[in-house]
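Visitor: I have a structure open on my screen and would like a friendly tour of it. Could we look at it together?

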Amino acid sequence: MALIALLPGDGIGPEVVAEARRVLDALGLDLTFEKAPVGGAGYEALGHPLPVSTLDLAQQADAVLFGAVGDPRFDTLERSLRPEQAILGLRKALGLFANLRPAKGFPGLEDASALKPEIVRTLDLVILRELTGDVYFGEKGQRRTAEGLRQGYDVMAYDEAEVRRIATVGFEMAKRRKGRLCSVDKANVLETSQLWRDVVNELAASYPEVALTHMYADNAAMQLVRAPGQFDVIVTGNMFGDILSDQASMCAGSIGMLASASLSEWSGACGLYEPIHGSAPDIAGQGKANPCAAILSAAMMLRHSLEQPEAADRVEAAVAAAIADGARTADLGGSLSTSAMGDAVLARL
Ligand code: NAD
Ligand code: IPM
Ligand code: MN
């Protein structure tokens, strides 16, 4: 029996997690679910975006299925109490340094992509985003300059162990896929990136079977829409990975389609699974959200943390079949509600 911590969070988080839960229930596996409040919901219920009881549950569970956090009502709270601190805190506390964000074209969905159909069909990549370092977790604050001006600052830093750890995952993944690893940085400007590039190059000697390239982040953003088929595995830092993965989602068709896995070690162990999108306050509570990213995140959970690769295949095939048969929420140009999209997936399981 496996224990799943269900952390639905805010906005559309609960709406999409409910559909993922229905799909998991339909598989007939021996799973136990325990729900806990997180984000704005955690703050409202227990006075903190990541309540101790929620963190305890996440640490005890075999896997965490996460919705999204973020609520405009709480954007003016001091930073440590804002909803987003919940996901940042969970990543840090659970040591989830490796974030896998696969982006693939779905047959039949070409019309939803911002790219031409013949270009979408070449899309099959994974953005491997470092998740516990970079400018996200450096010293930050606001202060006064010598002239008395207000100044904000966020320190960007990576040490070599952090880079080696994520780059190793990148090489191992590329080895199991198409053998191509592209490391994305800004080594032309940033010392953090120069160290990153040096360490990745040192590791390359141990992976002669992987073709390693380097690319500046600005060029990578351009190449991702020009010719995404050139990429297999992209390994990059926390900030660049955040931005490039939202961009990659529109290459596939919608941010509502992209799942993610956040892992503390390359081969599974406790992981956190969440759509790459946020709480979408603009459509929350209206039954409009696309649940596919959450459902596909559940599939990644089955594969990476629960040793259920066949069940993961079934879920992914059911989503692909629903899409191929024309099931569409509004973000994909259709009119199905969140639960009707869930029904469409369930019907093909
Ligand atoms: P967002 O991803 O929530 O929304 C961006 C746009 O995409 C919106 O127009 C939204 O309606 C649409 N969208 C997102 N998911 C969708 C889905 N499943 N189906 C259909 N449409 C979808 O990003 P944002 O608007 O920049 O941020 C909103 C809040 O979410 C903020 O508080 C932000 O900090 C938070 N956020 C949280 C996470 C997370 O919990 N991991 C991730 C990103 C943003
Ligand atoms: C994501 C989100 C988060 C991030 C925010 C909500 C902290 O954008 O998961 O992609 O920047 O990592
Ligand atoms: Mn993001």
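Visitor: Which residues are around ligand 2?

Guide: Happy to help, and please keep in mind that this is a predicted model. A residue counts here if one of its heavy atoms lies within 4 Å of the ligand. The residues around ligand 2 are E84, L88, R91, R101, R129, Y136, D242 and I276.

Visitor: Which helix gives the largest share of the shell around ligand 2?

Guide: The shell includes E84, L88 and R91. Three residues of the shell come from one helix, residues 84–93, and that is the largest share. The helix is α4.

Visitor: How many Å separate an oxygen atom of ligand 2 from an N or O atom in the side chain of Y136?

Guide: Let's take the side chains in turn. R101 has a polar side-chain atom 3.1 Å from an oxygen atom of ligand 2, and for the side chain of R91 the distance from an N or O atom to a ligand oxygen is 2.7 Å. For the side chain of Y136, the distance is 2.5 Å.

Visitor: What percentage of the area that ligand 2 exposes when taken alone does the protein bury?

Guide: The starting point is the ligand by itself, which exposes 320 Å². Of that area, the protein buries 77%.

Visitor: Now to the other ligand. Which residues are the closest to ligand 1?

Guide: Ligand 1 has 20 residues surrounding it. E84 is one of the closest, and E84 is also among the residues around ligand 2. The full list of the closest residues is E84, G278, A280, D282 and N290.

Visitor: How far is a nitrogen atom of ligand 1 from a polar backbone atom of N290?

Guide: Both side-chain and backbone atoms come up around this ligand. H277 has a polar side-chain atom 3.2 Å from a ligand nitrogen, while S279 places a backbone N or O atom 3.1 Å from a ligand oxygen. For the backbone of N290 and a nitrogen of ligand 1, the distance is 2.9 Å.

Visitor: And what percentage of the accessible area of ligand 1 does the protein cover?

Guide: On its own, ligand 1 has 800 Å² of accessible area. The share covered by the protein is 69%.

Visitor: What is the phi of A280, and is the value positive or negative?

Guide: A280 sits in the loop between β12 (268–275) and α10. Most residues other than glycine have a negative phi. A280 is not a glycine, yet its phi is positive, near 45 degrees.

Visitor: Where is T132, and which side chain does its own side chain meet in a polar contact?

Guide: T132 is found in the loop between β5 (124–130) and β6 (140–144). T132 has a relative accessible area of 5%, so it is buried. Beyond its sequence neighbours, T132 touches residues including R91, F97, E162 and N238. Its side-chain polar contact, at 3.5 Å, is with R165.

Visitor: Is D134 buried or exposed?

Guide: D134 also has its place in the loop between β5 and β6. Its phi is positive, about 75 degrees, although D134 is not a glycine. Buried means under 20% relative accessible area. D134 has 5%, so it is buried.

Visitor: Why do the buried residues of α9 line one face of the helix?

Guide: The buried residues in α9 are N238, F240, G241, L244, S245, A248, S249, C251 and A252. An α-helix has 3.6 residues a turn, so residues three or four places apart point the same way. Seen down the axis of α9, the buried residues line one face because they fall within an arc of 165 degrees.

Visitor: Which residues does C251 contact, leaving aside neighbours within four places in sequence?

Guide: C251 is found in helix α9 (residues 238–252). With a relative accessible area of 2%, C251 is buried. Its contacts are S113, L115, V120, L123, L224 and V225.

Visitor: Last one: what covers the buried residues of α11?

Guide: Those buried residues are A311, A312, V315, A318, V319, A322 and I323. They cover an arc of only 135 degrees around the axis, which puts them on the same side of α11. On the other side, E310 and A324 are exposed. What covers the buried ones includes α1 (13–26), α10 (292–304) and α12 (338–347).

Technical notes:
Residues numbered from 1 in each chain as written. Chains lettered and ligands numbered in written order. Predicted model: local features only at pLDDT ≥ 70, side-chain atom pairs only at ≥ 80, totals over all residues. Heavy atoms only, no water. Buried < 20%, exposed > 50% of the residue type's maximum accessible area, 1.4 Å probe, protein only. Helix = DSSP H or I, 4+ residues; strand = E, 2+ residues; numbered from the N terminus. Arc of directions from axis to C-beta. Contact = heavy atoms within 4.5 Å. Polar contact = N/O pair within 3.5 Å; in protein donor to acceptor, adjacent residues only side chain to side chain. Areas by Shrake-Rupley, 256 points an atom, 1.4 Å probe, with all protein chains shown as cover.
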